[in-house]
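The following exercises are to be worked through with the sequence and the 3D structure at hand. Each task is followed by a solution in steps.

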Amino acid sequence: MTTSSRLSRHLDWAASQLHECRLCPRNCRVNRARGEKGWCGAGDRAGMFMEYVHFAEEPDLVPSHTIFLTGCNLRCAFCHTARERESNAVEYLTSDRLSSIIDRGRREGARNVNFLGGEPTVSLSALLPVLDEVEDLPTIVWNSNM
């Protein structure tokens, strides 16, 4: 089974979440498909504010290509990425851009792509269609606040 066919089973579900968002326990139910932003600040596109190959993760993951997604369902006082996540320096991910990022990470030795943020779960509906179009995905690490 290809990665694409595995993801495609979930694309309808992902799209439905954009119409009445319940991706986190806040259940804000906004219509992100119409451009509304959830309590988390996420909209209808997967946004990234920083990425790099990281050598200080758990030993089984290193080196890990870390992609910081926008949107978070928490407001932690100690968050070290809050300023960057809420800045205007957001880049929206397309399949071409994500493929380019993944290719560069592989050249730098990355063993996986590690999505975090914020809280990556709030970006799931917007990110799945992008991932569905990327060929030859590496192992994906979903680094959540669960």
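**Exercise 1. Backbone geometry in the loops**

Arg29 is located in the loop between helix 2 and strand 1; helices (H or I, at least four residues) and strands (E, at least two) are DSSP runs, numbered from the N terminus. The structure is a predicted model, in which local features need pLDDT of at least 70 and side-chain atom pairs count only at pLDDT 80 or more, while totals for chains, interfaces and linings use all residues. Residues are numbered from 1 along each chain as its sequence is written, and side-chain values use heavy atoms, with hydrogens and water left out.

Task: Determine the sign of phi at Arg29 and at Asn27, and find which bond joins Val62 and Pro63.

Solution.
1. Most residues other than glycine have a negative phi, and most peptide bonds are trans.
2. Arg29, although not a glycine, has a positive phi of about 55 degrees. Arg29 is partly exposed, at a relative accessible area of 43%; buried means under 20% relative accessible area, exposed over 50%, and partly exposed in between (1.4 Å probe, protein chains only).
3. Asn27 lies in the loop between helix 2 (11-19) and strand 1. Its phi is also positive, about 45 degrees, although Asn27 is not a glycine. With a relative accessible area of 37%, Asn27 is partly exposed.
4. Val62 and Pro63 are joined by a cis peptide bond, with omega about -10 degrees. Pro63 belongs to the loop between strand 1 and strand 2.

**Exercise 2. Burial in two helices and a loop**

Task: Establish which residues of helix 2 are buried, how many residues of helix 5 are buried, and whether Ser123 is buried or exposed.

Solution.
1. The buried residues in helix 2 are Ala14, Gln17 and Leu18. Seen down the axis of helix 2, these buried residues fall within an arc of 105 degrees, so they line one face of the helix; the arc is that of the directions from the helix axis to the C-beta atoms.
2. An α-helix has 3.6 residues a turn, so residues three or four places apart point the same way.
3. Helix 5 is included in what covers the buried residues of helix 2.
4. Of the nine residues of helix 5, seven are buried, so this helix is largely enclosed by the rest of the structure. Among them are Leu127, Leu128 and Leu131.
5. Ser123 lies in the loop between strand 4 (112-116) and helix 5 (124-132). Ser123 is buried, with a relative accessible area of 2%. Leaving aside neighbours within four places in sequence, Ser123 is in contact (heavy atoms within 4.5 Å) with Arg32, Leu69 and Thr70.

**Exercise 3. Confidence**

Task: Identify where in the chain confidence is lowest and where it is highest.

Solution.
1. The chain averages a pLDDT (the predictor's confidence in each residue, from 0 to 100) of 88, and 93% of the residues score at least 70.
2. Confidence is lowest in helix 1 (residues 3-8), at a mean of 60, and highest in helix 4 (residues 95-107), at 96.
3. Where pLDDT is low, the predicted coordinates should not be read in detail.
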